Amino acid sequence: MNHPRRASRDPLQGTAPEARQSRFLGASGFGFLTRAAEAVAAALLAVIFLAFILQIVLRYAFDLPVGWTAEISLVAWLWLILWGAAFVLKDEEEIRIDLVQNLFGPRGRRVLGSLGSIATVVLFALALPATWDYVTFMKVESSSYLKIRFDWLYSIYLVFAVAVIARHLWLIANAVRGREAAASTHIGSL
């Protein structure tokens, strides 16, 4: 039974289910994941900024040069770049040379995009076991100041590689279905 008081508090009452879903999750249902991925990237950028400011203050205001702030900035930068490329960057925001691709129509662009995505999936999949071996081997090394084990530090590359494979598999599937690449590779387009 629908209580009249409760129904009047819902600003989206009477709207289509898609609009009700997009309020929290986004149009595709993954808006929360999109915002979470962007929040992680923003937090990493804030860490870089704060470490940079702290390094300046310690060096010039207190004459106390420290190396750990530079190390934090470097680690956060590495994670920011790979995290952003894996989960935040949209396909149309990536830098690519599309001189040949623009000579074709929509179907030809989908075919060329699929061939490029197949090559990317194959190359990353072939490299994944060696990447895993190398990253896990790096547990024997650690960073200079913070003593972060390199396997933890470089584990973001494994996440990036798996995300690239998943993204390009998604591109191939969408090309087969006839969807344009620009609308189909951001986490919110899933």
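This report looks at a few residues in a predicted model, taking charged side chains and a helix in turn.

## Glu71 and its surroundings

Let's start with Glu71, which sits in helix α4, spanning residues 68-88. Glu71 is buried, yet it has no salt bridge. The nearest side chain of opposite charge belongs to Lys147, 7.7 Å away. A salt bridge needs a side-chain nitrogen of Lys or Arg within 4 Å of a carboxyl oxygen of Asp or Glu, so at 7.7 Å Lys147 does not form one with Glu71.

Glu71 does have a polar partner, though: its side chain makes a polar contact with the side chain of Ser143, at 2.7 Å. Setting aside residues up to four places away in sequence, Glu71 touches Ser143, Ser144, Tyr145, Leu146 and Lys147.

## Leu82 in the same story

Helix α4 is also the place of Leu82. With a relative accessible area of 14%, Leu82 is buried. Beyond its neighbours within four places in sequence, Leu82 is in contact with Ile156, Tyr157 and Phe160. For Ile156, the C-alpha atoms of the two residues lie 6.8 Å apart in space, while 74 residues separate them in sequence.

## The salt bridge

Side chains of opposite charge can pair when their charged atoms come close. How many salt bridges does the model have? The count comes to one. Asp151 and Arg149 form a salt bridge, with their closest N and O atoms 2.5 Å apart.

Are these partners buried or exposed? Asp151 is buried, because its relative accessible area is 12%. Arg149 is partly exposed, with a value of 36%.

Technical notes: Residues numbered from 1 in each chain as written. Predicted model: local features only at pLDDT ≥ 70, side-chain atom pairs only at ≥ 80, totals over all residues. Heavy atoms only, no water. Helix = DSSP H or I, 4+ residues; strand = E, 2+ residues; numbered from the N terminus. Buried < 20%, exposed > 50% of the residue type's maximum accessible area, 1.4 Å probe, protein only. Lys, Arg positive; Asp, Glu negative; His and termini not counted. Polar contact = N/O pair within 3.5 Å; in protein donor to acceptor, adjacent residues only side chain to side chain. Contact = heavy atoms within 4.5 Å.
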